[in-house]
Amino acid sequence: AYHQKDGFPFAGKIASGAGITDTASFTHEEFIDKDVVKDMNRTFAADEKHVNDGYPVISYEFDGEGTAEKPFLIKGKEDLVMLSRLSLDSNRYAFYTDKNYRLTQDIVFDSSETWTPISGWRRDSFKGVFDGDGHVISNLLVNLDPSGSITESKAAFIANASGATIKNLGIKNANIRGRYAAAIVADAADVKIINCWNDHSNIYGGSRGGGIVGSAESSILLDRCFNTGTIDGEYDIGGLIGELSLKERSYVLNSYHRGKLAKKSSSGKYAFYGFVRLSPLLVQQNLYTTDSLASNVCAECTNDNIYHLKRNEKDSTGLSEKEMKSRDFAERLGEAFAYDSLGVNDGFPILSGKEVPLPVLPEDTATAVKPEVQKSGKLNFTVAVLNRNIVLQGELLGKKVAVFDVRGAKVWSGMAQANALSI
């Protein structure tokens, strides 16, 4: 702590027991001296523009101010590596992990360079906004132990993200291994990922592996994303997300998986997600996959406009390659997609770059009621508890379902998309 020893009633005094190191006290003239400021701490800089009456101002490691209007600019590999280091700096991570960033150019790593994921190896997550501005980061190399501890083996561009937004960013030709592994975020909670892509990267997740996200908790919005990489792992692997464990309404929209799921997994392996916990909370719309070995089943999700490449002649629900490469199919997927007239996606639909509003769901009309014991009549469904989930089976398709606690307060509601429902 630095303080001025003249000119103020409490000059030269720091509260005892405050846990502050009294580094130095300066006169007014010393405080505004540039040479003195240089010796203070890299956190401070001389007040060149005289915005602080000549006293030292905060020194940022990047151009910009970290705000939405003036984000910190990541101008090259050195800046990106600095952001990774700052996110792990015990003295400065809290300042830098909730700011706004914008990438100003493509970045290419050498094949021998190892990337340390942002907000990795500690519990504190990235909570800010990272805007790739349409740029691509190539050749990321993350090699963590797929069977290591969860806290230390999250492999991706960003290890931990909570309440963050990552958008307009591509990861290309990366090699990423960890217990939770993905191209963009290894472990995401209440995160928005918009217009991001994995371009031919190899992902291996010991427990969770996804093209874009390894594990998504609480809620997620994933919109206009795609994967053309190879996803492998021992348990839950998916073309877009390895595992979703939801508590709130979530959306996966306007995206596609054209990569490959390498089946070593002993658990879930689906085109878009490896496993979905509380799937009735998930809305998926305007998705397609060409991975013929992966299922796109999510019976309890709110599904709309979901397509897959026909696996064989017996597959009556899939589309042929010719159908998927048609202009009609691109239009069927909606405004977020465009016909691949230049063949950049092997003829399959590409993203148009247009923003599309979130789908409007039927209004929930269920209200809190006083619980009653049914005295007559026969239930047309059964209720059981399995693995901490409420499981309903029976005549449920298309029915509105609500769950109330013993006080009559509604704690969950949704529409049954099948005759089985897990809550």
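Let's start with residues 364-374. Over that stretch, pLDDT stays under 50. The model still has 18 contacts there beyond four places in sequence. Keep in mind that this is a predicted model. Where pLDDT is low, the predicted coordinates should not be read in detail. So please treat those 18 contacts of residues 364-374 with that caution.

Now the chain as a whole. The mean pLDDT of the protein chain is 85. Of its residues, 86% reach 70 or more.

Next, cysteines. How many disulfides does the structure hold? Zero. Take cysteine 196, which is in no disulfide. Its nearest cysteine sulfur belongs to cysteine 225, 5.1 Å away. Why is there no bond for cysteine 225? Because its sulfur is 5.1 Å from the closest cysteine sulfur, the one in cysteine 196, and that is too far. The cut-off for a disulfide here is sulfur atoms within 2.5 Å.

Are these two cysteines buried or exposed? Cysteine 196 is buried, with a relative accessible area of 0%. Cysteine 225 is buried too, also at 0%.

Last stop, the surface. Which residues form a nonpolar patch there? Ile58, Tyr60 and Phe95. Together they have about 250 Å² of accessible area. Look at isoleucine 58 in that patch. Isoleucine 58 lies in strand E4, which covers residues 57-58. Its relative accessible area is 44%, so isoleucine 58 counts as partly exposed.

To recap: residues 364-374 have pLDDT under 50. There are zero disulfides. And Ile58, Tyr60 and Phe95 make a nonpolar surface patch. Thanks.

Conventions:
Residues are numbered from 1 along each chain as its sequence is written. This is a predicted model: local features need pLDDT of at least 70, side-chain atom pairs count only at pLDDT 80 or more; totals for chains, interfaces and linings use all residues. Side-chain values use heavy atoms; hydrogens and water are left out. pLDDT is the predictor's confidence in each residue, from 0 to 100. Contact means heavy atoms within 4.5 Å. Buried means under 20% relative accessible area, exposed over 50%, partly exposed in between (1.4 Å probe, protein chains only). Patches are made of residues with over 30% relative accessible area and no salt bridge: like charges are joined within 9 Å, nonpolar side chains (Val, Leu, Ile, Met, Phe, Trp, Tyr) within 5 Å. Accessible areas come from the Shrake-Rupley method with a 1.4 Å probe; for residues, only the protein chains shown count as cover. A salt bridge is a side-chain nitrogen of Lys or Arg within 4 Å of a carboxyl oxygen of Asp or Glu. Helices (H or I, at least four residues) and strands (E, at least two) are DSSP runs, numbered from the N terminus.
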